[in-house]
Each structure stands twice: as structure tokens, then as C-alpha cells.
Amino acid sequence: MSADEAAADAERARLAHEPLPVLEEGVHDGFALAPDEIVHATRPAAMLEERTGALPSGGTLYLTSHRLVHAGQQIRQVQLEDITETGVALERLLLVDLADGSDLAIEIDSPRVLRVQLAAARAIARERRA
């Protein structure tokens, strides 16, 4: 079992009894948070690749209570409700399928832990909309 798998299992167990982490204000750069939006996780040095044929872009990845945001030279954001599925490939790749049929590949540290946190944030967002 990889360290990321073990950490993901520990995060899953923790989230069964505790809320998602809440990071301090001011941790985001280049984009504004909605008044009720919270940052739950960040991953610096995240490489984002879209199927547009463009080269991957570097930046910081943020998981908020409303969206997944990649802040680099440009801001790429995805609302949590637009994410249909996630998966992990290799040891550093988070794959994100979107409702419009497109997908993202994000190279980050600890993708399995972020996937667990993303699932929890999506569940909370669904409850909020219900």
C-alpha cells in the first residue's frame, strides 16, 4: 500500500467523525471567494492538463466548498456539481470527468487524499442544494 493510499484511508476515517478542514482566509490567489465559500484544501505545484491540446499549465489547486480551482497564469474553475466522476492514475494523477463530457488530468501530490476530500465536499454541496 502506498503512503497516499494509507493517508486516504486515514482521511476517510477522520471525515466520518470530523468536518473537512477549513483553511485560513487569504490562502487563495487570483480569484475571489463567494461570501459563503470556504477553502478546504490546496495543492501547490499542480499541473493541469485539458483535452484541448494545450500544454499542461502549472499553478496551485484549491478545493473549496463550491468548486475546484486551478490558479496559475489563468484561472480554471469547475463547480463541484459539474464533476461527475474522479479517479486516480499512476501515483500522482487525479482524473476528473465533467458533466459536459470533457475531462481534466491534474498532477499533484497525494491525489488519493484529495479525491477523498473532493468526494466529501461534493456530498456537502449536494446536501446544501437539496
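Me: Why does Arg112 count as buried?

Reply: This is a predicted model, and in it Arg112 has a relative accessibility of 17%. Buried means under 20%, so Arg112 makes the cut.

Me: What is Arg112 in contact with, leaving aside its neighbours within four places in sequence?

Reply: Arg112 sits in helix α2, residues 111-129. Its contacts beyond those neighbours are Ser2, Asp4, Glu5, Ala8, Val88, Leu90 and Glu91.

Me: What makes Arg112 and Glu91 a salt bridge?

Reply: Their closest N and O atoms are 3.5 Å apart. The cut-off is a Lys or Arg side-chain nitrogen within 4 Å of a carboxyl oxygen of Asp or Glu, so the pair qualifies. Arg112 is in helix α2 and Glu91 in the loop between β5 (83-89) and β6 (93-98), so the bridge ties together parts that are 21 residues apart in sequence. Asp4 belongs here too: Asp4, Glu91 and Arg112 are linked in a network of salt bridges.

Me: And Glu91, why is that one called partly exposed?

Reply: Glu91 comes out at 46% relative accessibility. Partly exposed lies between under 20% for buried and over 50% for exposed, so Glu91 belongs in that middle class.

Me: How do you know that Asp9 and Arg12 meet in a salt bridge?

Reply: Their N to O distance is 2.9 Å, and the limit is 4 Å, so they pass. Both lie in helix α1 (residues 3-15), three residues apart, about one turn of the helix. Asp9 is partly exposed, with a relative accessible area of 36%, and Arg12 is partly exposed as well, at 45%.

Me: Is Glu11 buried or exposed?

Reply: Buried: Glu11 has 10% relative accessibility, and the class takes anything under 20%. Glu11 forms a salt bridge with Arg14, with the closest N and O atoms 3.0 Å apart. Arg14, at 25%, is partly exposed. These two also lie in helix α1, three residues apart.

Me: Back in helix α2, why is Arg115 called partly exposed?

Reply: Arg115 has a relative accessible area of 38%, which is not under 20% and not over 50%, so partly exposed is the label. Leaving aside neighbours within four places in sequence, Arg115 is in contact with Thr86, Gly87, Val88 and Leu94.

Me: What makes the chain as compact as a globular protein of its length?

Reply: The chain has two helices and seven strands, running α-β-β-β-β-β-β-β-α from the N terminus. Its radius of gyration is 14 Å, close to the 14 Å that the globule rule gives for 130 residues, so the chain is as compact as a globular protein of that length.

Technical notes: Residues are numbered from 1 along each chain as its sequence is written. This is a predicted model: local features need pLDDT of at least 70, side-chain atom pairs count only at pLDDT 80 or more; totals for chains, interfaces and linings use all residues. Side-chain values use heavy atoms; hydrogens and water are left out. Helices (H or I, at least four residues) and strands (E, at least two) are DSSP runs, numbered from the N terminus. The radius of gyration is taken over C-alpha atoms; the globule rule is 2.2 Å times the number of residues to the power 0.38. Contact means heavy atoms within 4.5 Å. Buried means under 20% relative accessible area, exposed over 50%, partly exposed in between (1.4 Å probe, protein chains only).
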